[in-house]
Amino acid sequence: MKNMTLENIAKACNGVYMGEKTQKQMEVCGVVTDSRQVETGFLFIPVKGAKVDGHDFIPEVFRKGAAAVLSEKELEHCDKPYIMVKSSLQALKDIAKFYRSQLNIPIIGITGSVGKTSTKEMIASVLSEKYKVLKTAGNYNNEIGVPLTLMQIQEEHEAAVIEMGISDFGEMHRLAEMTQPDICVITNIGICHLENLKTRDGILKAKSEIFDFINPKGYIVLNGEDDKLSMITEVKGIYPIFYGFKENQRVEQDIFANNVKNCGLKGVKVDIHTAKGTLHVHIPIPGQHNIYNAMAAVGVGLSLDMELEEIKAGIEKVETIGGRTNLIEIGELLLIDDCYNANPVSMRASIDVLSHGLARTVAVLGDMGELGENEKQLHYKVGTYVAEKQIDTLFCAGSLSKEIANGACDTNDWCEVFYFESKEEMLPELLKYLQEGDTVLVKASHFMDYPKVVEAIKESFQ
């Protein structure tokens, strides 16, 4: 890690170095907050959680070979170097900001209400055709995950794709201050995190904080079909690159798609038009939302001087990741594992994917969180959408999911609906109902723990 000496780290986080002077120039080779991830030469940053205090693991990480630790309190009888700080969390962000300031590779920051992760995967796949890319792993998109991701960037990396998620005002400002993005991508302004952000205008304001620290010579890539994003005309002298379907445009689009051919669950074929030419591309993941992800990736690729053939190759190699519209074949049953998280927009997108199933289609849905005062109405609309898309069967569990069931029942009587108060009550009936040949979608917010539903289905049909 470049210039990450204990002396520089202490200065970056306004900490006080405690230890022998001869060790101040020692460089750390990694930074973690999880004691289980400590390796020889690492810096360990202890974080206080609701149940566990990372400070309790300091003796253990030194035994594992940690070069140094941060600490919010004086360490008695410690013969290893450490840095005293007021707040470990703030120090983590300060250190990441310092480390980022030394990097000279393009960093792409991605945010939006829905589709951040799938868009990150698409962009990373495209950039990997030309560059050595680091991308956000898992759900490391918050004020702990982002700085840890930044400090995983090594000398061999030539670009980084950083996912940035928020739930309140000010968070994106802090993430952007650390990330200092060269390219900002916003996928859409939906109706997530309304508890704090209240309205879509509030969400737009919060997400737009990503521009606060953008490279003045950078690029902005936006969904031109989004009514809120399309109002952004210029930011600090940077004019957005807009993408979308030509027939749906609200503003003139620099990148647009048409001639869509649905290949069912094998994806879609589409033409994507740019100023440099047209890509005739096969996106190997089902769902129209992936066309938007591909167009965003085209915008980023062109901004970094990639050739159209390189961009096309990257799109056609993209893969799903576990819990994000992951297609699992279990005998003759096709399982769509999309249970990482859920909100009204992503629910509709996943239901669209399910509707392409060639045999009986079954939606297994659960509650969505953080929707504010209109949560019941938003769940009800998901139910109406299930029925409108002519999904054969709906299973749902959870207190709010009662409204999903009501919405489906009230829309038509063609969709067979089963409602349960909990997933534990639902599972036995679901497993008895499913049969070979079904296409099954499993989706709910993370707190519903629907990966257990996926595992139960897999065990039942293997």
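## A salt bridge across the chain

In this predicted model, the side chains of E143 and K93 meet in a salt bridge, with 2.8 Å from N to O. The pair links distant parts of the chain, 50 residues apart. E143 sits in the loop between β7 (133–135) and α5 (145–150), while K93 belongs to helix α3, residues 88–101. Side chains of opposite charge can pair when their charged atoms come close.

Are the two partners buried or exposed? E143 has a relative accessible area of 17%, so E143 is buried. K93 has a relative accessible area of 14%, so K93 is buried too.

## Other salt bridges

A search of the whole structure finds 22 salt bridges. One of them joins the side chains of D34 and R36, at 2.8 Å from N to O. R36 is exposed, because its relative accessible area is 68% and the cut-off for exposed is over 50%.

Another salt bridge is formed by E424 and K423, whose closest N and O atoms are 3.2 Å apart. E424 is exposed, with a relative accessible area of 52%, whereas K423 is buried, with 13%. There is also a network: K120, E121, K135 and E163 are joined by salt bridges that share partners.

## The five-stranded sheet

Strands of a sheet pair through backbone hydrogen bonds, either parallel or antiparallel. One open sheet in this model has five strands, in the order β1-β5-β4-β3-β2, with mixed pairing. Why is one side of β1 and of β2 left without a neighbour in the sheet? β1 (16–18) and β2 (30–32) stand at the edges, and each has a single partner strand, so one side of each has no neighbour there. From one strand to the next, the twist averages 25°.

Within this sheet, β4 (residues 68–71) and β5 (residues 82–84) pair in the parallel sense over three bridges. S71 has M84 in β5 as its bridge partner.

## The six-stranded sheet

A further open sheet has six strands, in the order β15-β16-β20-β17-β18-β19, and its pairing is also mixed. Which strands are at the edges? They are β15 and β19 (416–420), each of which pairs on one side only. The twist averages 15° from one strand to the next.

Strand β18 (residues 393–397) pairs with β19 in the parallel sense, over five bridges. The bridge partner of L394 is V417, in β19.

## The second largest pocket

The second largest pocket holds about 350 Å³ of space. It is lined by 17 residues, of which L265, E329, L334, L358 and T439 are the closest to its centre. Two strands, β15 (326–330) and β16 (333–337), each supply at least two residues of the lining. β15 and β16 also stand next to each other in the order of the six-stranded sheet.

What kinds of residue make up the lining of this pocket? Seven are nonpolar, six are polar and four are charged.

## A buried tyrosine

Y450 lies in the loop between β20 (439–443) and α15 (451–461). The relative accessibility of Y450 is 1%, so this residue counts as buried; the cut-off is under 20%. A349 is 101 residues from Y450 along the chain, and the C-alpha atoms of the two are separated by 18 Å.

How values were computed: Residues numbered from 1 in each chain as written. Predicted model: local features only at pLDDT ≥ 70, side-chain atom pairs only at ≥ 80, totals over all residues. Heavy atoms only, no water. Pairing = 2+ DSSP bridges. Helix = DSSP H or I, 4+ residues; strand = E, 2+ residues; numbered from the N terminus. Axes fitted to C-alpha atoms, helices over the stretch in contact; angles between N-to-C directions. 1 Å grid on protein atoms, 1.4 Å probe; cavity = no way out; pocket = protein on both sides within 12 Å on 5 of 7 lines; lining within 4 Å. Points joined across faces, edges and corners; volume = space filled by probe spheres on them. Nonpolar A, V, L, I, M, F, W, Y, C, P; charged D, E, K, R; others polar. Salt bridge = Lys/Arg side-chain N within 4 Å of Asp/Glu carboxyl O. Buried < 20%, exposed > 50% of the residue type's maximum accessible area, 1.4 Å probe, protein only.
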